[in-house]
Amino acid sequence: MTLRDNNIEQLKTTPLDVLIIGAGINGAVSAAALAAKGVRVAIVDRGDFAGETSSQSSNLAWGGIKYLESHDYGLVNELCQSRNHLMESYPSTVKEIRFLTTIATGFRFPAPVVYAGTVMYWMFGRFVMRRPSYLCASEIKRLEPIINVDKVQGGFEYSDCYLHDNDSRFVFNFVRRAQENGGIAANYVESQGAVRENGLWRVTLKDLVSGTSFEVTAKTLINACGPYVDEHNRLIGQRTQHRHLFSKGIHLIVDRITPTHKVLAFFASDGRLFFIMPMGPKTCIGTTDVQVQSPRTCVTDEDRDFVLDNVNQLLSLDKPLTKADIISERCGVRPLASTGDAAIENWTEISRKHSIDVNHAQQHLSIFGGKLTDCINVGNEVCELVGAMGVSLQHNHQRWYGEPSQFERQRFMRQAQAINLDGLLPKEAQQPSPEPLSQRFWRRYGHNAFGLLERIKQQPHSGKLLIENAAYLVCEIELAARTEMIVTLEDFLRRRSKISLVVDRDTLLASKGLLQACAILFGEQAQAKLDEYNTNYSK
Ligand SMILES: Cc1cc2nc3c(=O)[nH]c(=O)nc-3n(C[C@H](O)[C@H](O)[C@H](O)COP(=O)(O)OP(=O)(O)OC[C@H]3O[C@@H](n4cnc5c(N)ncnc54)[C@H](O)[C@@H]3O)c2cc1C
């Protein structure tokens, strides 16, 4: 029986304290926090874990520098603290990165004024990162020759953070942590409705893989459906003070356009911040910020043109980027928490802060808005609210987030060195993944990385590179098959790893190891799953 099947069986028979619908970042941190504190909790998602918004972000953990312009100092202060706390708790995952920013001639503020804002930002960040520095046009050109400085009055460098792996892996690690502490998790399980009866929620769930429906009971229900929070509340008759508005954002991934490990930040033609970011061996460009009515969106030609036109104007590339250069795309809607039904005049200024609406009488929570950056606060708040509803938090002081200690890390690194883990990848295979394997193992798998070393010692074959151009070893795919509830090949290629974001589709499909990877992940269904991927997923 697979882990997922086993979890679904447990769901059917376990009376729950809390059921969480939706396994994006908000649901995942809620599950991790509650499970660690001894609550009987389950989390389900109708797609894959982090299959919606939480796999479409800019991968930044940032203190909200742009809210300085709207004088939202309280929010900047809070976000900077959240970012610092995240960086401290996840030193190998949430990392400082420099943002190299240019200010065009005629911009709404002179460059020194914007620079003064970065100094203020550094102060809000309690000086834990490198200090900002002012740059004239010639210094910018020297530091990053691809920037077009023709119409640049000046610029600066400042620091913020990024997620080294990707957003969806970050989310998945919270789901895994919830399970390690006794929580139950299942992907591809949809909530189809719920009623409150005799002080309990009776929720109808459908396993979308087998097609079977079943009921579970829980004292408390948490709606963490991201952009679909309102839809689910309508389904079960919950009224809330907040509702969601949607802002669509896209990113395009192209071959690396600069070796500089910095985010190049510009103000795009619509006046909003626009980033050119390193993504492993590639470059990720975005994002857009356009109000849409429905959360169901996709990348349009207009979006692609906007991004490509801006890049081609802001950079002086040997050859302008075109649609043919796009390796993969990301698209999602930011769920923004808003109150009331009145028309919003300047909707881009709606706070990006989360809000949790509570129906005490029915023990129901709805999580609106939020950011990856703020996720630890969301987990803590949910625990407080659930505790206040009378659910017992037996281990209330248990820490529920963060990487294992430095001591454990050093122990792992010593063992990795002893078996020459970093030497297992041939030189050419290190190209797409320039970081040593030992670092990647520790970041992605935490304590489970010790098991991988054992496996390689016992079965040297499992230390072999499997998917060409992707630098993944057999033992990692074996671990994913056992513990990461992979239902479709896309789950593995796009969300547990970021292979399909950074390896172009034709190269990936031509990889001989891909079918072998499928055999490990899906057994007899290997060819069928590969064919399904081939048919269903484009860029
Ligand atoms: C373009 C873009 C860039 C961004 N950049 C950043 C950034 O750099 N840094 C940052 O901190 N934040 C960023 N954000 C914001 C951040 O990504 C989101 O706020 C966050 O991911 C939302 O998480 P969530 O858990 O609320 O929603 P989601 O991740 O969408 O999760 C909700 C889940 O609920 C599930 N669901 C819905 N209905 C049901 C049902 N009936 N039954 C079961 N499951 C259901 C869905 O399948 C989905 O997986 C960005 C967002 C976008 C769109």
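## A lysine and its partner

Let's begin with Lys 353, which counts as partly exposed because its relative accessibility is 26%. This is a predicted model, and in it the side chain of Lys 353 meets that of Glu 78 in a salt bridge, with 3.3 Å from N to O. Glu 78 has a relative accessibility of 36%, so this residue counts as partly exposed too.

The two partners come from distant parts of the chain, 275 residues apart. Glu 78 sits in helix α3, while Lys 353 belongs to the loop between β16 (328-339) and β17 (355-359).

## Where α3 meets α4

Helix α3 has another contact for us to look at. Its axis (residues 73-89) comes within 9 Å of the axis of helix α4 (residues 111-124), and the two cross at roughly 55°. An angle of that kind falls outside the parallel, antiparallel and perpendicular ranges, so α3 and α4 are oblique to each other. On the α3 side the contact is made by Tyr 73, Val 76, Asn 77, Cys 80 and Arg 83; on the α4 side, by Met 120, Tyr 121 and Phe 124. By character, the residues of this contact divide into 6 nonpolar, 1 polar and 1 charged.

## Salt bridges across the model

How many salt bridges does a search of the whole structure find? The count is 33. One of them joins Asp 289 and Arg 334, whose side chains meet at 3.6 Å, N to O. Asp 289 lies in the loop between β14 (282-286) and β15 (290-292) and Arg 334 in strand β16, so this salt bridge ties together parts that are 45 residues apart in sequence. The two partners differ in burial: Asp 289 counts as buried, because its relative accessibility is 8%, whereas Arg 334 is partly exposed, with a relative accessible area of 23%.

Another pair is Arg 272 and Asp 270, with the closest N and O atoms 3.6 Å apart. Arg 272 has a relative accessible area of 29% and is therefore partly exposed. Asp 270, at 37%, is partly exposed as well. Salt bridges also link five residues in a network: Asp 301, Arg 304, Asp 305, Lys 323 and Glu 329.

## Two buried charged residues

Which side chain of opposite charge is nearest to Lys 371? That is Asp 289, and the distance is 8.8 Å. A salt bridge needs the side-chain nitrogen within 4 Å of a carboxyl oxygen, and Lys 371 has no salt bridge even though this residue is buried. Lys 371 is found in the loop between β18 (364-368) and α9 (375-388). Leaving aside neighbours within four places in sequence, its contacts are Trp 62, Tyr 67, Leu 79 and Arg 352.

Glu 435 is another residue worth a visit. Its place is in the loop between α10 (406-418) and α11 (437-445). Is Glu 435 buried or exposed? With a relative accessibility of 16%, Glu 435 counts as buried, because the cut-off for that class is under 20%. Not counting residues up to four places away in sequence, Glu 435 touches His 164, Arg 440 and Arg 443. Asp 422 is 13 residues from Glu 435 along the chain, and the C-alpha atoms of the two are separated by 9.1 Å.

## Backbone details in three loops

The loop that holds Asp 289 also has a backbone feature to show you. The peptide bond from Gly 286 to Thr 287 is cis, with omega near 10°, and Thr 287 has its place in the loop between β14 and β15.

Where in the fold do we find Asn 198? This residue is in the loop between β8 (189-197) and β9 (200-207). Asn 198 has phi near 50°, a positive value in a residue other than glycine. Its relative accessible area is 80%, so Asn 198 is exposed.

Ala 471 likewise has a positive phi, near 55°, in a residue other than glycine. Ala 471 belongs to the loop between β19 (465-467) and β20 (472-473). Here the relative accessible area is 1%, so Ala 471 is buried, whereas Asn 198 is exposed.

Notes
Residues numbered from 1 in each chain as written. Predicted model: local features only at pLDDT ≥ 70, side-chain atom pairs only at ≥ 80, totals over all residues. Heavy atoms only, no water. Helix = DSSP H or I, 4+ residues; strand = E, 2+ residues; numbered from the N terminus. Buried < 20%, exposed > 50% of the residue type's maximum accessible area, 1.4 Å probe, protein only. Lys, Arg positive; Asp, Glu negative; His and termini not counted. Contact = heavy atoms within 4.5 Å. Axes fitted to C-alpha atoms, helices over the stretch in contact; angles between N-to-C directions. Parallel < 35°, antiparallel > 145°, perpendicular 65-115°, else oblique. Nonpolar A, V, L, I, M, F, W, Y, C, P; charged D, E, K, R; others polar.
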